[in-house]
Amino acid sequence: MPNLDGGHYFFTALLPIDNHGIVEHGLFKSSPVHMVRDALEALPTALQTREAEKIGIQSPFARSLRTHFVRMFLIDAPAYNGRDSLNTLISTIRGINPLQAQPVDRLACHYLAFVGDFDPAAEGADEPRSWLEELWSLARPELCSVFQYCYQFNPHGDGAAFADFVIKGQVETTMSFNDYWTITPPIPNLTGVQLAIAPALGVLAGIVLAAMVHWPWWAGLGLTLALAAAGVVFDYFLINYLGGKPFPTAPNSTLRDVLKALYLQQAFTRFAVAQQGSSPAQLRAAFADFVAATRPDDLSAPTQPPGVVRSHFAPEPHNA
């Protein structure tokens, strides 16, 4: 299942914009695609910089404690990579004019790309439906402001209707990116000896069968080679089957784990700076207080809020 990899679900959907007619809003008139651009421009991003923190308007997707990343953008046309390269001699023989334009892919309408990376529920058994229904319950007004100009979107539906609508435009994600593994993942590797077992069994079976039925040597050789080839084909499908399995889930890689890790990283840095010059006994007592205050095993609190790049701590007391 390429969409689910490394314990994360990578969702991609392409939704056509219903670009018929004119949209009137107040004294202004616009096209649906421009209304989508305006909605995306007005959609708050996460508080990723100090300037964004000054604005203080958080992204609606930060309300979800399962959502790592979301990106939405418009696709006007496929990227043009230039002419298809051809062999000069073959083109001359076939009479192909290199100055004549080749066909260029075009879209019948604009598309809204909706991309998300989130923690699946129940090992991804009901994904991406449960995630989309959760987003609808958490950010319905913001989602409507963008999706309302998409073809066949119903702003008055429930979460299930929204999930049905978006899933219809889902595109399989085959090149996901996940960097939460810090050690070598437990991926089974087939050795050369293991891969040689199936062809070797084919050879053995061919020799035994040819001897049992008293075939001539050339027939027995043909049978042996055929069974050995069948063993090679079996290895081919086995490798593809194992390679198609999802990447194993990295430990402590959910959004809650990541937020807690970021909080502890910053809190421990402050602790280390504050304890410079402390005696072993003072350091031991201070560290016990640090663990009791930060509760490393508690993912709920204290932790870093979603949608920010740093945690905020109370000012350190200053000794007189």
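The legends below walk through several close-up views of a predicted model.

**View 1. Four strands make up an open, antiparallel sheet.**
Welcome to the sheet, where the strands line up in the order S1-S2-S6-S5. Strand S1 (4-5) and S5 are the edge strands, each of them pairing on one side only. Strand S2 (residues 8-16) is joined to S6 by eight bridges in the antiparallel sense. Strand S5 (residues 67-75) also runs antiparallel to S6, and eight bridges join the two.

**View 2. Strand S6 is largely enclosed by the rest of the structure.**
How many of the eight residues of strand S6 (residues 111-118) are buried? Six of them are, so the strand is largely enclosed by the rest of the structure. Phe114 makes a handy landmark here: this residue of S6 is the bridge partner of Ala13, and Phe114 is also the bridge partner of Met72. Elsewhere along S6, Tyr111 stands opposite Pro16.

**View 3. Ring pairs link a set of aromatic residues into a cluster.**
If you enjoy aromatic contacts, there is plenty to look at: a search of the whole structure finds 20 aromatic pairs. One pair to pick out is Phe153 with Phe162, an edge-to-face arrangement with 6.5 Å from centre to centre and 90° between the planes. Both Phe153 and Phe162 are buried. These two residues belong to a cluster linked by ring pairs, whose members also include Tyr9, Phe11, Phe114, Phe118, Trp131 and Trp136. Phe147 and Phe165 are part of the cluster too.

**View 4. The charged end of Arg71 sits over the ring of Phe73.**
This view brings a charge and a ring together. The charged end of Arg71 lies 4.6 Å from the centre of the Phe73 ring. Both positions fall within the residue range of strand S5, 67-75.

**View 5. Helix H6 has a kink of about 30° at Ala198.**
Does the length of helix H6 (residues 192-213) agree or disagree with what its residue count suggests? With 22 residues at 1.5 Å a residue, H6 should span 32 Å, and its end C-alpha atoms are 32 Å apart, so the two values agree. The kink at Ala198 comes shortly before the proline Pro199. Just after the helix comes His214, which has a positive phi near 60°.

**View 6. The buried residues of H6 pack against helix H7 (217-243).**
Which residues of H6 are buried? They are Ala198, Pro199, Gly202, Gly206 and Ala210. From the H7 side, take a look at Thr224, which is found in that helix. Thr224 has a relative accessible area of 10%, and therefore counts as buried. Leaving out residues up to four places away in sequence, Thr224 touches Gly202, Val203, Gly206 and Ile207. Of these contacts, Gly202 and Gly206 are among the buried residues of H6.

**View 7. Ser30 is a buried residue of strand S4.**
The last stop is strand S4 (residues 28-30), where Ser30 lies. Is Ser30 buried or exposed? With a relative accessible area of 15%, Ser30 is buried, because the cut-off for buried is under 20%. Setting aside neighbours within four places in sequence, Ser30 is in contact with Ile22, Val23, His25 and Met35.

Notes: Residues are numbered from 1 along each chain as its sequence is written. This is a predicted model: local features need pLDDT of at least 70, side-chain atom pairs count only at pLDDT 80 or more; totals for chains, interfaces and linings use all residues. Side-chain values use heavy atoms; hydrogens and water are left out. Rings of Phe, Tyr and Trp (its six-membered ring) pair if their centres lie within 6.5 Å; planes under 30 degrees apart count as stacked, over 60 as edge-to-face and the rest as tilted. Buried means under 20% relative accessible area, exposed over 50%, partly exposed in between (1.4 Å probe, protein chains only). A charge sits over a ring if NZ of Lys or CZ of Arg is within 6 Å of the ring centre and within 35 degrees of the ring normal. Two strands pair if DSSP finds at least two bridges between them. The expected span of a helix is 1.5 Å times one less than its number of residues. The bend at a residue is the angle between axes fitted to the seven residues ending there and the seven starting there. Contact means heavy atoms within 4.5 Å.
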